[in-house]
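Dear colleague,

I am handing over the structure that we spoke about, and I would be glad if you could look through it before reading my notes underneath.

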Amino acid sequence: MIIFDILSYITDMLLVFVYLNRAFHTRRTNIPAPLFYAAFVLAESVLMANQLLFHNPDKQFSIFVTISLSILSTFALCFLYETTLRRKVIYSIIFQFFAAFSEATFMLIIKLTSPDILKHETPYLVAILGFGSKIILFLFILIFTMFSKGGEKSDFEYHIFSLVTPVISLLLFNTMSAQKNFKIEITSYDIIILPCILILNITNYFILERIKYTHKLVLKNTQLEQQINFQKNKYSQLSTTYRNTRRVVHDTKKHHFTILKYIEEKRYDELNTYVKASYEDLENTYSLFNTGNLVIDSLLSNYSNMAKENSIVFSTSLNLEAVRIPIEDYDLCIILGNLLDNCINACKKLAVSDRWIKLSIYIDAYDKFRIDCCNSTKNLPKKIKPDTSLEHGFGTTNVDQTVKKNRGMMISDMTDDKYTTIISIPILDLKQKSNSQKKC
């Protein structure tokens with residue numbers, strides 16, 4: 001029937017769309033959306049025209065042409081996505097294999113459960129085989145892309161929900177064929193129920209995709225709010241450090257005038273007491289770190305105090321000139337703040353005796369700005385160890401993006417005892433390079 005043929009072609013087009021979207025995930029940004037979807041319609045139209053011209057399945061030539069066109073059309077659609085040529089070829093062939101294998105699989109199921117229906121090629125048999133094989137193909141696509149390296153990783157619950165509808169649909173098709181072994185014609189009931197089952201699968205899939213997308217947006221929005229609050233906190237720390245520095249300069253001038261006054265009046269005993277008191281005041285307000293970079297000095301002073309409050313051994317090694325730091329203060333704040341936040345939070349979950357953080361900031365022999373950060377993870381419970389799910393690691397992802405923006409690279413490694421992050425950012429400005437590098 002025409003309605004079944006039209007629905008069959010639409011379903012084939014959607015199956016290819018789902019397969020490529022799940023396999024490659026990243027569309028080419030320079031292709032407009034109307035042109036993107038039109039390409040799928042055109043590809044399916046070519047296959048439909050081929051079916052009308054070579055509709056006799058007994059001819060080997062027509063089978064060869066149909067298979068070839070199917071592979072070529074899928075391969076052509078792969079160019080709508082950002083991926084390698086090798087993967088385009090492989091995934092095109094895999095899809096055609098799944099299409100053929102799904103037909104054979106459903107035919108086997110019918111043979112095992114309702115063999116009598118295969119004795120005569122009836123319109124009902126053709127409809128059942130066509131729709132049933134598409135449901136199996138849909139299942140194959142979902143399962144294959146679930147484990148594919150190029151596919152998008154999702155939660156286990158999402159995969160379970162996406163597989164439930166196709167499995168139930170297969171049971172329904174199998175039950176229908178078992179109850180109508182000797183049926184020849186398609187009834188109005190079949191005209192309604194068969195398309196509805198297919199539409200249900202398609203609709204359920206896209207609803208789940210939309211729910212997943214919405215969930216990701218909500219999580220990203222929450223994480224962005226957390227990151228904004230983090231930045232506000234860090235800028236507050238920088239502002240406080242700056243004000244303290246100005247206050248120290250102002251107070252030091254007053255101390256000098258007072259000391260000179262004591263000396264002029266030869267009040268040495270009072271001078272001794274005053275100098276001790278002013279020295280203690282300077283120790284309490286002056287930054288513990290003095291690299292010349294406000295971000296590094298203020299953040300390290302703040303995190304050093306936080307580490308002390310939480311009984312964490314905080315050791316640093318600083319060997320750099322502030323003028324040679326190749327990134328903006330804003331980016332440096334994101335990188336250093338997130339790294340140390342993660343370290344502090346991880347150490348809080350450990351026994352007091354196992355808490356330590358080691359931080360090295362320096363410029364290496366190859367004129368690269370380096371940040372080596374390491375914290376203890378000894379006896380850290382597995383349930384709270386870092387993972388790759390959507391809800392975790394946003395701070396680390398933000399650091400990685402900031403490093404890449406500055407043409408650097410970040411490497412992280414976790415063992416049973418420690419978590420290490422190494423960041424390397426090249427110094428590209430000739431004015432910031434060392435003399436030895438300039439001569440080269």
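What follows is a short account of what was found, going from the whole chain to some of its parts.

Please keep in mind that this is a predicted model. The protein has 440 residues, of which 40% count as buried, and its secondary structure comes to 12 helices and 5 strands. Its accessible surface amounts to about 25,900 Å², and 61% of that belongs to carbon and sulfur atoms. If one takes the contacts between residues at least 6 apart in sequence, 73% of them join residues at least 24 apart.

The helix α4 may be a good place to begin, and it covers residues 85–113. With 29 residues at 1.5 Å a residue, α4 should span 42 Å, and because its end C-alpha atoms are 42 Å apart, the model agrees with that expectation. The buried residues of α4 include Lys88, Tyr91, Ser92, Phe95 and Gln96, and further along the helix Thr105, Phe106 and Ile110. Ile93, which also has its place in α4, has a relative accessible area of 47% and is therefore partly exposed. Together with Phe79, Leu85 and Val89, Ile93 forms a nonpolar patch on the surface, and the accessible area of these residues together is about 350 Å².

The strands offer a second point of interest. Strand β1 (residues 313–319) and strand β2 run parallel and are joined by 7 bridges, and Thr316 is the residue that stands opposite Leu359 in β2. In a regular strand the side chains alternate between the two faces of the sheet. Strand β2, at residues 356–363, shows this alternation: Ile357, Leu359, Ile361 and Ile363 point to one face and are buried, whereas Trp356, Lys358, Ser360 and Tyr362 point to the other face and are not buried.

Finally, I would draw your attention to Lys378, which is found in the loop between β3 (368–376) and α11 (394–405). Its relative accessibility is 39%, so Lys378 counts as partly exposed. Which residues does Lys378 touch, if those up to four places away in sequence are not counted? They are Leu350, Asp354, Asp416 and Asp417. Lys378 and Cys347, for their part, are 31 residues apart in sequence, and their C-alpha atoms lie 9.2 Å apart in space.

With kind regards

Key. Residues numbered from 1 in each chain as written. Predicted model: local features only at pLDDT ≥ 70, side-chain atom pairs only at ≥ 80, totals over all residues. Heavy atoms only, no water. Patch = residues over 30% accessible without salt bridge, like charges linked within 9 Å, V, L, I, M, F, W, Y side chains within 5 Å. Areas by Shrake-Rupley, 256 points an atom, 1.4 Å probe, with all protein chains shown as cover. Salt bridge = Lys/Arg side-chain N within 4 Å of Asp/Glu carboxyl O. Helix = DSSP H or I, 4+ residues; strand = E, 2+ residues; numbered from the N terminus. Buried < 20%, exposed > 50% of the residue type's maximum accessible area, 1.4 Å probe, protein only. Expected span 1.5 Å × (residues − 1). Contact = heavy atoms within 4.5 Å. Pairing = 2+ DSSP bridges.
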